[in-house]
Amino acid sequence: SYTVNFLRKYFGLDAHSKAGIILPIFHTMALNTQFLPCLLSGGICLFMNSDEESTRSFSMILESKANFLTLIGDILFLYDKERELRSLPAAEEVKVIQMAGGVIRKDHLLLAKKLFPNAVVYKGYGMTEVIRTAMIGSNQPGFLDDSVGYILPGQTVEIRDEFNNVLKPGETGEIFIKGPNLMLGYQDEDMVFDERGFLASGDLGYLDPKGRLYFCGRTDEIFKTRGKKVSAVEIER
């Protein structure tokens, strides 16, 4: 309920909102960051083909006149290909786009602005256990850099080293999260949170002096080569 009510206000959703839901409804992004915020704002929710091989996905967005979308970055290349093949216009009705699900690259963001020229594009960081932790929009400075956004109100993020010490801005460590949008726990597990109520994310990152969060990979995807720690995220970038 915290996440749903926060996003309703953050995105300015109301009875005129029309969500084009491409992700499966059982996916937490579709359910908790798009379907429920739009539905409970009095808006309309339209379910579209979520098959990544579909050649009509972008056409459906245009035909539906959806103005609120949640997308995964790589699907934008399919949209761009369909638009070119069918000589389709840009989707000018779309006003808000959330992007998440894996590494969000600069070419994803630029392509989103090309396909949806009137939309404010938001990229962010979250987990199934937390839903939304940080977010930044294309109308904010620093949107095209590697940050995943500013920490959302009501939440606390700490970056800790392997000895559980809180690190300074710019120092990379594990991301710990505390806030009203945390899950209650894992089934059949008692010790989920630490004594201060923080969840260990298993993700690596750092905070900059402006309070923006940077995602650097998973703690279990780090390996050493020539004495240096390397993340799979760095290689993908």
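**Close-up views: salt bridges and helix packing**

**View 1. Asp145 and Arg212 join up in a salt bridge.** With a relative accessibility of 27%, Asp145 counts as partly exposed; that value falls between the 20% and 50% cut-offs, so neither "buried" nor "exposed" applies. As in every view here, what you see is a predicted model. The partner, Arg212, comes out at 9% relative accessibility and counts as buried, because the limit for that label is under 20%. Between Asp145 and Arg212, the closest N and O atoms are 3.4 Å apart. This bridge ties together distant parts of the chain, 67 residues apart: Asp145 is in the loop between β6 (134-137) and β7 (147-151), while Arg212 is in strand β11 (residues 212-218).

**View 2. Arg212 also has a salt bridge to Asp208.** Here the N to O distance is 2.9 Å. Asp208 and Arg212 are both buried, whereas Asp145, on the other bridge to Arg212, is partly exposed.

**View 3. Four side chains share a salt-bridge network.** Which residues take part in the network? Two acids and two arginines are the players: Glu158, Arg160, Asp194 and Arg196. For the wider tally, the whole structure holds 10 salt bridges.

**View 4. A salt bridge runs between Lys114 and Asp80.** Their side chains meet at 3.2 Å, N to O. Again the link is between distant parts of the chain, with Lys114 in helix α5 (residues 106-115) and Asp80 in helix α4 (residues 75-86), 34 residues apart. Is each partner buried or partly exposed? Lys114 is partly exposed at 44% relative accessibility. Asp80 has 19%, and since the cut-off is under 20%, it counts as buried.

**View 5. Helices α4 and α5 pack against each other with a left-handed crossing.** Their axes come within 10 Å and cross at roughly 40°. That angle sits between the 35 degree and 65 degree limits, so α4 and α5 count as oblique to each other. On the α4 side, the contact is made by Leu76, Phe77, Tyr79, Asp80 and Arg83; on the α5 side, they meet Asp107, His108, Leu111, Ala112, Lys114 and Leu115. Sort the residues of this contact by type and you get 6 nonpolar, 1 polar and 4 charged. The salt-bridge partners Asp80 and Lys114 are both part of this contact.

**View 6. Helix α3 (residues 57-64) has buried residues covered by strands and helices.** Which residues of α3 are buried? They are Ser57, Phe58, Ser59, Ile61 and Ser64. Their cover includes the strands β1 (18-21), β2 (44-47) and β3 (68-72), plus the helices α4 and α5 from the previous view. Right after α3 comes Lys65, with a positive phi near 60°.

**View 7. Helices α1 and α2 make a right-handed crossing.** Helix α1 covers residues 2-10 and helix α2 covers residues 28-39; they pack at an angle of about 65°, with axes 9 Å apart. α1 is therefore roughly perpendicular to α2. In the contact, Thr3, Val4, Leu7 and Arg8 of α1 meet Asn32, Thr33, Leu36 and Pro37 of α2. That contact breaks down into 4 nonpolar, 3 polar and 1 charged residue. If you flip between the two packing views, the crossing of α1 and α2 is right-handed, and that of α4 and α5 is left-handed.

Conventions. Residues are numbered from 1 along each chain as its sequence is written. This is a predicted model: local features need pLDDT of at least 70, side-chain atom pairs count only at pLDDT 80 or more; totals for chains, interfaces and linings use all residues. Side-chain values use heavy atoms; hydrogens and water are left out. Helices (H or I, at least four residues) and strands (E, at least two) are DSSP runs, numbered from the N terminus. Buried means under 20% relative accessible area, exposed over 50%, partly exposed in between (1.4 Å probe, protein chains only). Axes are lines fitted to C-alpha atoms, for helices over the stretch in contact, and angles run from 0 to 180 degrees between N-to-C directions. Angles under 35 degrees count as roughly parallel, over 145 as roughly antiparallel, 65 to 115 as roughly perpendicular and the rest as oblique. A crossing is left-handed if the near helix is turned anticlockwise from the far one by less than a right angle, and right-handed if clockwise. Contact means heavy atoms within 4.5 Å. Ala, Val, Leu, Ile, Met, Phe, Trp, Tyr, Cys and Pro count as nonpolar, Asp, Glu, Lys and Arg as charged, and the others, Gly among them, as polar.
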